[in-house]
Amino acid sequence: MTRKHPEHAEYSEHSEHPTRPGPSRRAVLGGAATAALATLTGVAGAGTAQAGGGGHRTDRPAEFPLPDGWLPEGIAIGARPYAYLGSRANGAIYRADLRTGQGRVFHEGAPGLASIGLKLDDRDGLLYVAGGAGGTARLVDARTGALRATHRLTAATGHFVNDVALLGDRAWFTDSYDAVLYGVPRGRGGTVRALPLSGDWEQLPGAINANGIVSTPDGRDVIVVKSTPGELYRVSLRTGRATRIALSGAADVVNGDGLVRVGRTLYVVQNRLNVVTVFHLDAGATTATLRRSITDPRFDVPATAALHRDRLYLVNARFTSPQTPETTFTVVGVPL
């Protein structure tokens, strides 16, 4: 989903490793997804960049496919050139080689599971996976694909564990339907911490609230995007107090989904708008000033993003397209 590092999307001097109505669109798609894959076992003052593969001499593919019917959403990339992509359909995880675009299913899913946001910890070699409507956090071995642990974070209904950021000794998960963050110990042991949100945070019923999450530039707290109505918050990990971040040059970040931070530059993926808005954070992460926006004709409702070297890789979740076993999905890389 943070750090000033040439190969990581999120870096902080204080963080050892890299750190995303009615029934919601995700709940609806998740139900359709399970059935679908069951058979598969530019703003004032800101520039608008048309991204593309040109201008950078590289043999790495700027776009590659995922299995038909995969129903992707989250992406994680660590120090090595591999992208991990979860399935909303059955919780499986696909690993793709960024050098070739080729990949395979390396963690098998199961009916009733989902893999939404995910982050890779290069230190312990684990993927931390948000379980969506299932209310869980799963820890998967990034080398073997084996399931190492499952933490139940919420009740089995009425919640949506959406995205995760790694900070300090915990992985912090958002819940789109409840005003709380969950801190899961990094590694395989320890007690989960529930952190209720307070301060400026107002939970909206029947809407996707907390979504993407990254650490702040000082490595002390986290930034959370509230998809509806499109706001950014700095959240204290000590008290849970949420302070709304003032936006300059943009009215909102509606449909904000995945977040990526590099130093004080914050990338906000606005899924249904097919745009990534790029903000500069002030020293205290209290104001975000719009610098530019990134668009690309290959975008088809991108949900989340991860950085590797000089590219931002985005997952086309295609939320507005049919969700069937034949639906095609891609990952696209845009130069920074």
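## Aromatic pairs

In this predicted model, the number of aromatic pairs comes to 4. One of them is formed by Trp70 and Tyr94, with an edge-to-face geometry: the ring centres are 5.9 Å apart and the planes meet at 65°. The angle qualifies as edge-to-face because planes over 60 degrees apart are assigned to that class. Trp70 is located in the loop between β2 (63-66) and β3 (72-77), whereas Tyr94 belongs to strand β5, so the pair ties together parts of the chain that are 24 residues apart in sequence. Trp70 and Tyr94 are both buried.

## Strand β5: Arg95 and Asp97

Arg95 is placed over two aromatic rings. It lies over the face of Tyr82, at 4.9 Å from the ring centre. The charged end of Arg95 also sits over the ring of Phe106, at 5.6 Å from the centre of that ring.

Asp97 is found in strand β5, which covers residues 93-97. Its relative accessible area is 14%, so Asp97 is classed as buried, the limit for that class being under 20%. The side chain of Asp97 reaches the backbone nitrogen of Arg99 at 2.9 Å. When neighbours within four places in sequence are left aside, Asp97 is in contact with Pro81, Tyr82 and Gln102. Tyr82 is thus named twice in this region: its ring face lies under Arg95, and Tyr82 is also a contact of Asp97.

## Salt bridges

The count of salt bridges comes to 13. In one of them, the side chains of Arg88 and Glu73 meet at 3.8 Å, taken from N to O. Arg88 is in the loop between β4 (82-87) and β5, and Glu73 is in strand β3, so this pair ties together parts that are 15 residues apart in sequence. Both Arg88 and Glu73 are buried.

A further salt bridge connects Asp121 with Arg186, where the closest N and O atoms are 2.9 Å apart. Asp121 lies in strand β7 (residues 118-121) and Arg186 in the loop between β13 (180-185) and β14 (193-196), so the parts tied together here are 65 residues apart in sequence. Asp121 and Arg186 are both buried. Another salt bridge joins the side chains of Arg234 and Asp221 at 2.9 Å, N to O. Arg234 lies in strand β18 (residues 231-235) and Asp221 in the loop between β16 (210-215) and β17 (222-226), so this pair ties together parts that are 13 residues apart in sequence. Arg234 is buried, with a relative accessible area of 14%, and Asp221 counts as buried at 13% relative accessibility. Asp121, Arg123 and Arg186 are joined into one network by salt bridges that share partners.

## Asp169, an exposed loop residue

Asp169 is placed in the loop between β11 (161-167) and β12 (170-175). At 56% relative accessibility, Asp169 counts as exposed, because that class begins over 50%.

Asp169 and Pro185 are 16 residues apart in sequence, while their C-alpha atoms are 6.0 Å apart in space. Apart from neighbours within four places in sequence, Asp169 is in contact with Val184, Pro185 and Arg186. Arg186 is also the salt-bridge partner of Asp121.

## Thr277 in strand β23

Thr277 occupies a place in strand β23, residues 275-281. With a relative accessible area of 6%, Thr277 is buried. Its C-alpha atom is 4.4 Å from that of Ser293, although the two residues are 16 residues apart in sequence.

Not counting residues up to four places away in sequence, Thr277 touches Val253, Leu266, Tyr267, Val268, Gln270, Leu290, Arg292 and Ser293. With Gln270 there is also a polar contact, made between the side chain of Thr277 and the side chain of Gln270 at 2.8 Å.

## The chain as a whole

The chain contains 1 helix and 27 strands. Of its 336 residues, 60% are buried. The chain exposes about 12300 Å², and carbon and sulfur atoms supply 52% of that area.

Methods
Residues numbered from 1 in each chain as written. Predicted model: local features only at pLDDT ≥ 70, side-chain atom pairs only at ≥ 80, totals over all residues. Heavy atoms only, no water. Helix = DSSP H or I, 4+ residues; strand = E, 2+ residues; numbered from the N terminus. Buried < 20%, exposed > 50% of the residue type's maximum accessible area, 1.4 Å probe, protein only. Polar contact = N/O pair within 3.5 Å; in protein donor to acceptor, adjacent residues only side chain to side chain. Contact = heavy atoms within 4.5 Å. Phe/Tyr/Trp six-rings, centres within 6.5 Å; stacked < 30°, edge-to-face > 60°. Lys NZ or Arg CZ within 6 Å of the ring centre and 35° of its normal. Areas by Shrake-Rupley, 256 points an atom, 1.4 Å probe, with all protein chains shown as cover. Salt bridge = Lys/Arg side-chain N within 4 Å of Asp/Glu carboxyl O.
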